[in-house]
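Open the model in your viewer and keep the selection panel at hand. The stops below go through a sheet and then a pair of helices.

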Amino acid sequence: MQPRNMSMSGVVDLAAVKAAQEAKAKAEQARADAARQGDGGGAVTPASLVIDVDEAGFEREVLQRSTEVPVVIDFWAEWCEPCKQLSPVLERLAVEYNGRFLLAKIDVDANQMLMQQFGVQGIPAVFAVVAGQALPLFQGAASEAQIRGTLDQLVQVAEERFGLTGLTVDGDAAPDEAGEAPQVPAGPYDALLEAAVQALDAGDFGGAVQAYRNVLSDDPGNTEAKLGLAQAELLQRVQGLDPQQVRRDAAEKPGDVAAQIAGADLDLVGGHVEDAFGRLIDTVRRTAGDDRDTVRLRLLELFEVVGGDDPRVTAARRSLARALF
C-alpha cells in the first residue's frame, strides 16, 4: 500500500517493481546456470573485443554498442607503417583492459566516407565513441604509456559520466598467486531480497534501502539489489514531497538545480520517463561545475531505476553525451 502522505496519482506500481526484480533475478540465475554449463551466457570472449568495422556495420557495431561500452576506433591502412606498430598495441590493450572498452578497426582505404565524417587528416588516428558521441583521442605515433593514460581517462569518463562499466568477458576469473580461483561472494540472498520487496510493499522504503544495501555490501555486483536499491531510494526521496509545490517550483525556477532534480524524481515516479530524463539533460546544458555534476549523477541514478536495456535510457545517454561535450 502507498503511504498516506505521498498523495499523488500514477506513482510507481510496486507490483511492477517486484515483477521487474523477479525478472532480473531469473535472468541472473539463467546466466549463472549457463556459466556452470560452459555457456558464456551473454559474456563476450577476449577475441571479440577487437572487431573490424565497415560503413555498413558502423551504426550497429559502433554507435549502438557505445551505449553499453566505450568504443575505441583505430583508423588504419595496410600501407601505413606506423599503423603496423600502433595497432598491435591497441589490440593487446583491448584484451588486457578486459571489456572496459571495445576496439573497432576501420580500414580507411575501404571506408573513405567514415574517414571523412571523422575528419581524419592522417593515419594512424584514434577516436572514441561514448554514448553515441565521437571524441578524438590521438593521431600518429604514441608511446604505450601515453596510450594507457588516454585509455584510463576514457574508461573513467565513460563510467563516471555515463555509467558505462564495460562488457563481461568470458573466462575473466583467473587463479590467484596460490593457484586458487577467486572466491565468489557468498549467497544466495533470497531472504534479504524478499525482505526488501516486502518492505517496499509496506511502504517502508528506508527498510527496503537498508536490505538492498546489506546485499550489496557482500555482493556489489548483484543486479537485482542494484535495481531494487535505485527504485527504493527514488520512492524514499519522493515520499514526503508535495507534488503540486514541486511542479510549481520546477516550472518557475528553471535554473534551480534542486527544484529540477525533485521535479525529475516526481516525473519518473509518475511514469513520465522521457520527461524526467529531458528535464535533467536540459539542466545539464544550463549548468556547470558542481551543479552540473550533481544533476548528471542523479540522471545516472534514474537510468538505474529504469534499467540500462530500456531504449529510453539508450536515447538519453546519447543526449547526455551531446549536452556534456
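**Stop 1: the sheet**

This is a predicted model. Select strand 1 together with strand 3, residues 102-107: three bridges join the two strands, which run parallel. Within this pair, pick Ile-51, which stands opposite Ala-104 in strand 3.

Now widen the selection to the whole sheet. Five strands make it up, in the order 1-3-2-4-5; the sheet is open and its pairing is mixed. Go to the edges next, where you will find strand 1 (50-52) and strand 5 (133-139). Each of these has a single partner strand, so one side of each is left without a neighbour in the sheet. Look also at the twist: on average, neighbouring strands of this sheet are turned by 25 degrees against each other, direction ignored.

**Stop 2: a helix pair**

Select residues 257-269, helix 10, and residues 273-286, helix 11. Their axes come within 7 Å and cross at roughly 165 degrees. Angles over 145 degrees count as roughly antiparallel, and helix 10 and helix 11 are therefore roughly antiparallel to each other. The crossing of helix 10 past helix 11 is left-handed.

Show side chains for the residues that make the contact:

- from helix 10: Val-257, Gln-260, Ile-261, Gly-263, Ala-264, Asp-267 and Leu-268
- from helix 11: Val-273, Asp-275, Ala-276, Arg-279, Leu-280, Thr-283 and Arg-286

Colour them by class, and the contact of helix 10 with helix 11 shows seven nonpolar, three polar and four charged residues.

Note on methods:
Residues numbered from 1 in each chain as written. Predicted model: local features only at pLDDT ≥ 70, side-chain atom pairs only at ≥ 80, totals over all residues. Heavy atoms only, no water. Pairing = 2+ DSSP bridges. Helix = DSSP H or I, 4+ residues; strand = E, 2+ residues; numbered from the N terminus. Axes fitted to C-alpha atoms, helices over the stretch in contact; angles between N-to-C directions. Parallel < 35°, antiparallel > 145°, perpendicular 65-115°, else oblique. Left-handed = near helix turned anticlockwise from the far one by under 90°. Contact = heavy atoms within 4.5 Å. Nonpolar A, V, L, I, M, F, W, Y, C, P; charged D, E, K, R; others polar.
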